[in-house]
Amino acid sequence: SMEKGAVIAEHDGRIITEINEKTGLQNNLILASASDFNGNTWLALSLGISRIDPAKDITFWDKGNGLQGNIYDIIRFDKKIYLVTNQKIYSLQPSETKASSGNYILSEVNSILPGQNWCLTNYKVPGKAGKEILLAGTQNGIFEINGNQGRQIYKGNLHAFQITQSEKFPDRIYSTDGFNDFISLVYKNGIWTLEGKWNGINDDIREIVEDKQGNLWLETFTN
């Protein structure tokens, strides 16, 4: 087009994806197009030329799509992709009504203050096959995410760097409260309850691993 870049469409006219400045095109004014013997499409623009490789199944999102900050974790949950950055939490949801970058729509998760976010965990509810809860560790504690809505389940004082569900005690999760406190919460009848802070652990914990015997292995920021 003369203003909106190019589109890739099915034979029936259904748009698969849009190619424009937001997805990496130099500019949206396309004057001509042609295909080569390798199946690549070449676009003549008002500011140079671009090549589209149909076999290159890579799509990216950046500040041009509204994504802010450095990405710290990513997870697929309930047919969406969630990611946390040092500014916000986002979801990527398949687009059913219109074309977008890679057929996904980028949205912010609401009710979580902007700031440093650290991790995402898929909590499997004990005794209820198939029921799962998405948890996020942030600088403001731990949040439960439902769709694009966040709900705080633990405030604490500072950062929840990591969240790990126990295999031996599946109603329990382990996490951190800032740079010196190691905590655990239990989930029962839809309610999260703080078990408390663990005595004798005063390090800056960044990774939590449970072995088959239920022993915990904690990695700190420095070793």
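In strand β2, T17 is the residue that stands opposite I8. This pairing is a good place to enter the structure, which is a predicted model. The two strands concerned are β1, covering residues 6-9, and β2, covering residues 15-19; they run antiparallel and are joined by 4 bridges. Together β1 and β2 form a hairpin with 5 residues between the strands, and within this hairpin G13 adopts a positive phi near 95 degrees.

Further along the chain comes an open sheet of 3 strands. Its order is β3-β4-β5, and the pairing is antiparallel. The edges are taken by β3 (30-35) and β5 (48-52); each has a single partner strand, so one side of each remains without a neighbour in the sheet. On average, and with direction ignored, neighbouring strands of this sheet are turned by 20 degrees against each other. The pairing of β3 with strand β4 (residues 41-45) is antiparallel and extends over 5 bridges. Within that pairing, S33 has L43 of β4 as its bridge partner. As a reminder for reading such ladders, side chains in a regular strand alternate between the two faces of the sheet.

A second open sheet deserves a closer look. This one has 4 strands in the order β14-β15-β16-β17, again with antiparallel pairing. Here β14 (163-165) and β17 (191-197) are the edge strands, and because each has a single partner strand, one side of each is left without a neighbour in the sheet. The average turn between neighbouring strands of this sheet is 25 degrees, direction ignored. Between β14 and strand β15 (residues 172-177), which run antiparallel, there are 3 bridges. In this pair of strands, Q165 stands opposite I173 of β15.

Strand β16 (residues 181-188) contains V186. This valine has a relative accessible area of 18% and is therefore buried, the limit being under 20%. Once neighbours within four places in sequence are set aside, the contacts of V186 are D171, R172, I191, W192, T193 and E195. T222 offers a view over a longer span: V186 and T222 are separated by 36 residues in sequence, and their C-alpha atoms lie 29 Å apart in space.

Two of the contacts of V186, R172 and E195, also meet each other directly. They form a salt bridge in which the closest N and O atoms are 2.8 Å apart. Since R172 belongs to strand β15 and E195 to strand β17, the pair ties together parts that are 23 residues apart in sequence. The two ends of this salt bridge have their own accessibility values: R172 is buried, with a relative accessible area of 18%, whereas E195 is partly exposed at 40%.

The structure holds 6 salt bridges. One of them links E144 to R151, with 3.3 Å between the closest N and O atoms. E144 is buried, its relative accessible area being 16%, while R151 has 42% relative accessibility and counts as partly exposed. Another salt bridge joins D204 to R206, and its closest N and O atoms are 2.9 Å apart. D204 counts as buried at 17% relative accessibility; R206, at 22%, counts as partly exposed because buried residues must fall under 20%. Beyond these pairs, D177, D181 and K197 are joined into one network by salt bridges that share partners.

The last residue to visit is T138, which is found in strand β11 (residues 132-138). With a relative accessibility of 1%, T138 counts as buried. The surroundings of T138 can be listed in full: leaving out residues up to four places away in sequence, T138 touches I89, I112, Q116, N117, W118, F143, L158, H159 and A160. In addition, the side chain of T138 reaches the backbone nitrogen of N140 at a distance of 2.9 Å.

Definitions and conventions
Residues numbered from 1 in each chain as written. Predicted model: local features only at pLDDT ≥ 70, side-chain atom pairs only at ≥ 80, totals over all residues. Heavy atoms only, no water. Pairing = 2+ DSSP bridges. Axes fitted to C-alpha atoms, helices over the stretch in contact; angles between N-to-C directions. Buried < 20%, exposed > 50% of the residue type's maximum accessible area, 1.4 Å probe, protein only. Contact = heavy atoms within 4.5 Å. Salt bridge = Lys/Arg side-chain N within 4 Å of Asp/Glu carboxyl O. Polar contact = N/O pair within 3.5 Å; in protein donor to acceptor, adjacent residues only side chain to side chain.
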